[in-house]
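Please walk me through the contact between the two chains in this model, one selection at a time.

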Amino acid sequence: MTKKVMEWQLRLYIAGQTPKSIKALDNIKKYAEEHLKGKYSIEIIDLLLNPQLAEGDQILAVPTLVRKVPVPIRKIIGDLSNEEKVLVGLDIKKTLVS
Amino acid sequence: MSTSSKTKKHASSVFKFPKTPTGVEGLDEITEGGLPKGRPTLVCGGAGCGKTLLSMQFLIKGITEFNEPGVFMSFEEPSADLFINVKSLGFDLERLSSEKKLVIDHVRVERSEIEEAGEYDLDGLFIRLEYAINKVKAKRVVLDTLESLFSGLDNQAILRAELRRLFHWLKEKGVTAIITGERGEATLTRQGLEEYVSDCVILLDHRVIEQVSTRRLRIVKYRGSTHGTNEYPFLIDENGISVLPITSLKLDNEVSSDVVSTGVPGLNEMFKSGGFYRGSNILISGTAGTAKTTIAAYFANEQCRKKERVLYFAFEESPQQLIRNMRSIGLDLEPHVKKGYLQIHSSRPSLNGLELHLLTLRKLIKEFNPTTVVIDPISNLITVGSDHEVRSMLVRLIDMLKINNITAMFTSLSKQTEHIRPDLGEESVSSLVDTWLTVRDIEGVGERNRGIYIIKSRGVGHSNQVREFVITDDGIRLLDVEFGPNGILTGAARKTSELNKKIAALKLQNELDRKDREIYRKRKVLEANIDALKNEFESVEEELSILKATEDLHARLATNNTSNLKKKK
């Protein structure tokens, strides 16, 4: 999104424009706008175009959302339709509380 | 696929199932050519039974021997660990991967890092695999313990569906794949992978029986091909895995009519052929201390002298000990060792299971390529396994030796029995060997002598005598047969008999001498008598001649007187 280093850096791995990947992208954008407005960036990596990148983040399943920053790295696989799980996985609620 | 090239080769023969050779010693023989080409094979077994090694060897041999690049996808060990683990087995993965022939990809599945939220598939894995395959144009793929996925991911339904898709996809790719899986309670693999991989399933097993461990391999199924169905023992050593060869089912090995000398002075004469046939098996049985090893060493020495290679397996003595002991009877094996004709291999029988011993033998025989093999003693191996196992092992061993036309000598320790026939323990061997010699103690009054005799010798006329032999500082020697009133004599009885003969001869000589002297004396007397008579005769003759002369003188005197008288007148 922007060149500025964000507090939250997310990366979404997809394999082509499948319904699942589109759904996942929609979902994460929605949650991020809701909870992390202005503090996040999302990088989308299409493994069909860059297969060599799969090894780096140990990607098995698609779609996979990776939280690069803040550490530790967290991964959430699936189309992210379960908001509760995504937020827990990303540790978003906790940060909001603190 | 190269089905066409294979069928071209065997245009006239029947269709041959396309196979990919594994390069694992022995496994290709059991599978009759290798794993199904272009299909996945499941290798399953418990922890530490060699799954990873087997699959790694499959890949590496594929690269080094068949020029088929490979991909190793590890779900368990990081790449660096793998590098080190197999380096000790002589495989240099780093070099192969830098030459772009091998890709090692470690797929780490960390449950704590992964949250599942909604639908997903394993396209990521597929993409990685495809990327790796394309990178080196791999023909062989290994997925090492795919089951780790099950512990990393929750949604079993998706996982199973994806695995099914994965195997299907591998087939479409035309790669020959090995998938490893942990052994489960009731199923072959913990997660029932055998449901998905149905072309070929190989089961590895690591068993400990009576404190001796043996690894075994069995082909559970192999669709579209015949295969060996037994459990085959296999060995992991510094060269990786080797599987035991199959017992040859036919007895159609070539036979030789060459004769090899026994090396023991006098023993050759007990055989009409003058020795053993080349490629035959000789068993020397006997109780403790009957010089079995000595005879075996003599045999080995004789073959070495003829510049033939001998492999000597000593299960009781170390090579140095054997050489020293043989030197004490004037047999020096050391030069043969130095010249490379003799190789002595010592190990404790309990070091390995039976089958492993057989494998070791086989390996050494392959490396050293001897014409003669000595196993001293084979009975020590028997203590390692049950009768049945021993027999099957010996059958395989003897088969292997016969196929290679190797003359083999086994020694066997038998229990001391009253019977002249050796005990039943040897029955397992007896029907398999061609020539059977027995050395035994012949106990007499206060002494123990060694006797050797031939129980059987296939295809060779042989002596039926029990020959006594002695071991001196100059070695072993068969003594001439000494007949006594009650049969053949040995030891002290032999000595007594010899002494008696000597005394008798001496007596006779004395008698003869005495007679000679008597005759001499008689002649002396006769000659003296003759002399006396001669003297007497001479003196009589002399007297007569004196008389005659006197008579003559008187006559002449008388005539002279008469004429003188006439003149005076």
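How many salt bridges count between chain A and chain B? The count is one. The model is a predicted one, and the tour starts at that salt bridge.

**Stop 1: the salt bridge.** Select Lys20(A) and Asp121(B). Their side chains meet in a salt bridge, with 3.0 Å from N to O. Now widen the selection to polar contacts across the two chains: 14 residue pairs are in polar contact, with both residues at pLDDT 80 or more.

**Stop 2: the side of chain A that touches chain B.** Three elements of chain A each supply at least two residues to this side: α2 (53-56), β4 (74-77) and α3 (83-90). Colour β4(A) separately, since the largest share of this side, four residues, comes from there. Colouring by residue class divides the side into 15 nonpolar, six polar and six charged residues.

**Stop 3: the whole contact.** Select both sides together. Chain A gives 27 residues to the contact and chain B gives 25 residues. Between them the two chains bury about 2,200 Å², and carbon and sulfur atoms account for 58% of that area. Within chain A, pick out Gln58(A), Leu60(A) and Ile77(A): these residues lose the most area to chain B, together 32% of what the chain A side buries.

**Stop 4: β4(A) against chain B.** Show β4(A) with strand β6 of chain B, residues 114-116. The two strands pair in the parallel sense over three bridges. Two of the partners can be labelled by name. Lys75(A) has Ile114(B) as its bridge partner in β6(B). For Ile77(A), the bridge partner in β6(B) is Glu116(B). Ile77(A) was already selected at the previous stop, among the residues of chain A that lose the most area to chain B.

**Stop 5: β4(A) within its own chain.** Hide chain B and add strand β3 of chain A, residues 64-69. Here the pairing with β4(A) is antiparallel, over four bridges. The two strands form a hairpin, with four residues between β3(A) and β4(A). Label Arg67(A), which stands opposite Arg74(A) in β4(A).

**Stop 6: the faces of β4(A).** Bring chain B back and show the side chains of β4(A). Are its two faces covered or open? Both faces are covered. Arg74(A) and Ile76(A) lie on one side, Lys75(A) and Ile77(A) on the other, and all of these residues are buried.

Definitions and conventions: Residues are numbered from 1 along each chain as its sequence is written. Chains are lettered from A and ligands numbered from 1 in the order in which they are written. This is a predicted model: local features need pLDDT of at least 70, side-chain atom pairs count only at pLDDT 80 or more; totals for chains, interfaces and linings use all residues. Side-chain values use heavy atoms; hydrogens and water are left out. Contact means heavy atoms within 4.5 Å. Buried area is the accessible area (1.4 Å probe) that two parts lose on being put together, summed over both. A salt bridge is a side-chain nitrogen of Lys or Arg within 4 Å of a carboxyl oxygen of Asp or Glu. A polar contact is a pair of N or O atoms within 3.5 Å; within protein, one must be able to donate a hydrogen and the other to accept it, and residues adjacent in sequence count only if both atoms are side-chain atoms. Ala, Val, Leu, Ile, Met, Phe, Trp, Tyr, Cys and Pro count as nonpolar, Asp, Glu, Lys and Arg as charged, and the others, Gly among them, as polar. Two strands pair if DSSP finds at least two bridges between them. Buried means under 20% relative accessible area, exposed over 50%, partly exposed in between (1.4 Å probe, protein chains only).
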